[in-house]
Amino acid sequence: MSTQSTQSSRAAGACLAASLVFVFAMLGSATGQTTATLVWRGESFPIAVAGTDFSVGDAARALGFAVSRDTTTGVLSITGNGHQLVAGPGTSQVPVDQRIVEIGKPMRSVRGVVYAPADFFEKALFPLGKATGTYDATKRMWTVVESRGTSGGGEPAGPVSVDVAVVHVEPTTQVVLRESVAARFEPRLVESGLQVRWIDRKVTAPFAERRFEDPLVASVRFEGDTATVVFREPGLTARAYPLTDPDRVVVEVGRLVETPPIEPAAPPPPPAPALTIVVDPGHGGAETGAVGPGGLQEKDVTLQIARRVAAAIPRVVASRVVLTRDSDSAISLDDRTSLANHEKAGLFLSLHANSSRAAGAHGSETYYLSLESSDRLASEAARRENQAIPGTGPGTGSATNPDLDFILWDLAQSAHLNESSRLAEAIQNQLNVVSKTENRGIKQAPFRVLAGATMPAVLVEVGFISHPEEEKQLRSATFQEGVANAIAKAVGEFFAKHPGTAPVAGPTPGATPSPAR
Amino acid sequence: MSRRAAALLLVAMAVAVGALLFVNRPSSSTRRFRRPLAFLRVTPATGALTPMPGTRATPTESVRVTLFFADSAEGKLHPEERDIAKPAGPGAYLRALFEELARGPARPGLIGVIPQRIQLRNGFLMPAGEVVLDLSVDSSLSFGSAEELSIVAALVDTTLQNVANTQRVRVLVNGEPAESLGGHVDLTRPLGFLRGELAP
């Protein structure tokens, strides 16, 4: 009996042990958690696996990235090689630096561990480590190797492409080398100029050499990983410093004796005696602008008033008035300011009629540009890179990158904000007196049409087309003439208070409006 | 094998099955939902925990969000708070905010500023504190500047007010960068909080 009982106990124990093994095996397979191996630089790392997904944290650490986990959301932040990747459970969109990489299916969180499908590693993680990887399902093994060259397969760790813009703001010239990614660089002053050599990265140059019509910089030349800013004459010096967002290296060139940098920009030179004022009738073509309850279209009102303003201003100020459009045509916002810049206009007046969903909204208001709500970094650039770029619009200085354009355009208007504010005030005061509309005051807003103007620029909302009473007013020739005279008088007042910016005089030959297109 | 051993094996198997059932209860997702989400800049709405009668308390968590709507007199923006179901991730949160804005205000005297013909195609939470809102905008829409400012400010300010650690909102139109929605507000660059549109 005792022998039989012992045998039974052993059998039972064996069965229990077998059952426990079975239980744990089942647990493992049910949650799908097991491991694979990742081979990188001759070392093997265990990577947790859930179903067909792999642990993001394990793989990232194996590649040498720093991994931090938000304990509340479980979102992983992976940093290294100057890049950042965010892996959040529940999404198939992976933010990598400023881009979104789309993967086949969402990442998921299992017991606090983020798992992602294979393409996450192939498309997002491995390229971040300048590597490529293949998965062998039979061996359950990732083999990760460094990408050939340093390009990283075109993913974020690739070469740095550089755009160039040259801006002269007396007494210095700034050469902005806009980078596709932030890259370490080494500046070196040589006799002919200043060299910027990028370290650790290959450089995709926009050109081999380009000459510039600039008093201090003759050309910019690219050779290998080095850009040379070539001085126009001896006796110049330069310094280079990095700025971010967008990433760029700014080379500041100045004369040795004049201690150029840091000083605020000199006031812009007085405009040429022949003053040009650009008047911009808002909207046009298919873009009707706001439409009133009675069917009046903003584009028509603005053109009618603009023509009256064009006739009225030369009666007050000796000037030539140019309209951005003198027909029902569509013009982009940037083209409107480009025209004003091209004409070297002394003022830019954009005319609009307002609308609001608020039934009670009525009256006139005058806007000038607000930089506050636009990219704070652009404002920082405005501060750092001095303020004025007289005569510089988009496209000058070989700017091919839109981000670079933003900076240049912000710089352009920021130099004139004070004058724009005074002009807005003068116009609003006159509108209040002459047209007796409700005064909504002067305001600032990030309006695109004001951003690129290299002269004082305002946007006048003459009344609310959405307000039935004001729509009627806006249709009337008397009201339109009153508004035009108010604006003209304000322009005269503005120049009277700013002697040196323009002559104040009577009628001038050639003061008729000239359609831009 | 004796009957006793066989019985023991059966018991062990039963334990195993029981353990499996226990472990495989829906767990990870609900646990994730119970935790506060780091991108939510909200006050937890404590009154929103509503256990179903007769069942174990299943918390349907909600969050309190601040939305901006215009007043019907002058069109300036005013905040309105409301509780919404806690969304599952940043994309869902941005969509929920947009939908609440589009739904309009509850308070009398306020009006919604998002036209029906503007929809949110997608919203992304990017690194470095930037949110991307991709709008579908009907080409027949037209605005005056006050109306356009209200729309953009309601979107931008509501987003920045509610999504933690964000400073800028980049607005795309129909999946692409655009100069503006209707000829006024600059969308070519990310926008910060538009304070000028808030009621004093």
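**Exercise 1. In β20(A), what is the bridge partner of A:Q195? Place the pair in its sheet.**

Step 1. Look across from A:Q195 and you land on A:T228, its bridge partner in β20(A). Strands here (E, at least two residues) and helices (H or I, at least four residues) are DSSP runs, numbered from the N terminus. A quick note before going on: this is a predicted model, where local features need pLDDT of at least 70 and side-chain atom pairs count only at pLDDT 80 or more, while totals for chains, interfaces and linings use all residues. Residues are numbered from 1 along each chain as its sequence is written, and chains are lettered from A and ligands numbered from 1 in the order in which they are written.

Step 2. Now widen the view to the two strands. β16 (residues 193-198) and β20 (residues 226-231) of chain A run antiparallel and share 5 bridges; two strands pair if DSSP finds at least two bridges between them.

Step 3. Zoom out again, and you find an open sheet of 5 strands in chain A, ordered β15-β16-β20-β19-β18 with antiparallel pairing. β15 (185-190) and β18 (209-211) of chain A each have a single partner strand, so one side of each has no neighbour in the sheet. On average, neighbouring strands of this sheet are turned by 15 degrees against each other, direction ignored (axes are lines fitted to C-alpha atoms, for helices over the stretch in contact, and angles run from 0 to 180 degrees between N-to-C directions).

**Exercise 2. Is β23(A) largely enclosed or left open by the rest of the structure? Find its partners too.**

Step 1. Count the buried residues. A residue is buried if 20 or more other C-beta atoms lie within 10 Å of its own, exposed if 12 or fewer, and partly exposed in between, with C-beta atoms placed from the backbone. For β23(A) the count is 6 of the 6 residues, so the strand is largely enclosed.

Step 2. Check each face. A:T276, A:V278 and A:D280 are buried on one side, and A:I277, A:V279 and A:P281 are buried on the other.

Step 3. Find the first neighbour. β23(A) runs parallel to β24 (residues 320-323) of chain A, with 4 bridges joining them, and A:V279 has A:L323 as its bridge partner there. The chain gets from β23(A) to β24(A) through α4(A), in a right-handed β-α-β crossover: with the strands pointing away from the viewer, the path from the first strand over the helix to the second runs clockwise.

Step 4. Find another neighbour. β25(A) is also parallel to β23(A), over 5 bridges, and A:P281 stands opposite A:L351.

Step 5. Stay on that partner strand. A:A353 sits in β25 (residues 347-354) of chain A and is buried, with 31 other C-beta atoms within 10 Å. Among the residues that A:A353 touches are A:V301, A:L474 and B:G144; contact requires C-beta atoms, placed from the backbone, within 7 Å. A:A353 and A:L474 are 121 residues apart along the chain, yet their C-alpha atoms are separated by 8.4 Å.

**Exercise 3. Where do A:R140 and A:H283 lie? Compare their surroundings.**

Step 1. Start with the background: most residues other than glycine have a negative phi.

Step 2. A:R140 has a positive phi of about 50 degrees, and A:H283 has one of about 65 degrees.

Step 3. A:R140 is in the loop between β11 (131-136) and β12 (141-146) of chain A, while A:H283 is in the loop between β23 (276-281) and α4 (298-316) of chain A.

Step 4. With 14 other C-beta atoms within 10 Å, A:R140 is partly exposed. A:H283 has 29 C-beta neighbours inside 10 Å and counts as buried.

**Exercise 4. Which residues have the most contacts inside the largest nonpolar core? Follow one into chain B.**

Step 1. A nonpolar core is a set of buried Ala, Val, Leu, Ile, Met, Phe, Trp, Tyr and Cys residues joined through C-beta atoms within 7 Å. The largest has 103 residues, and the best-connected are A:V309, A:I487, A:V491 and B:V152. Helix α11 (residues 477-497) of chain A gives the most to this core, with 10 residues.

Step 2. Pick B:V152. Beyond four places in sequence, its contacts are B:V171, B:L181, B:V185, B:L191 and B:L194.

Step 3. Turn to α4(B), residues 145-162. In this helix 17 of the 18 residues are buried, so the rest of the structure largely encloses it. Its expected span, 1.5 Å times one less than its number of residues, is 26 Å, and the end C-alpha atoms are 25 Å apart, which agrees.

Methods: Two residues are in contact if their C-beta atoms, placed from the backbone, lie within 7 Å.
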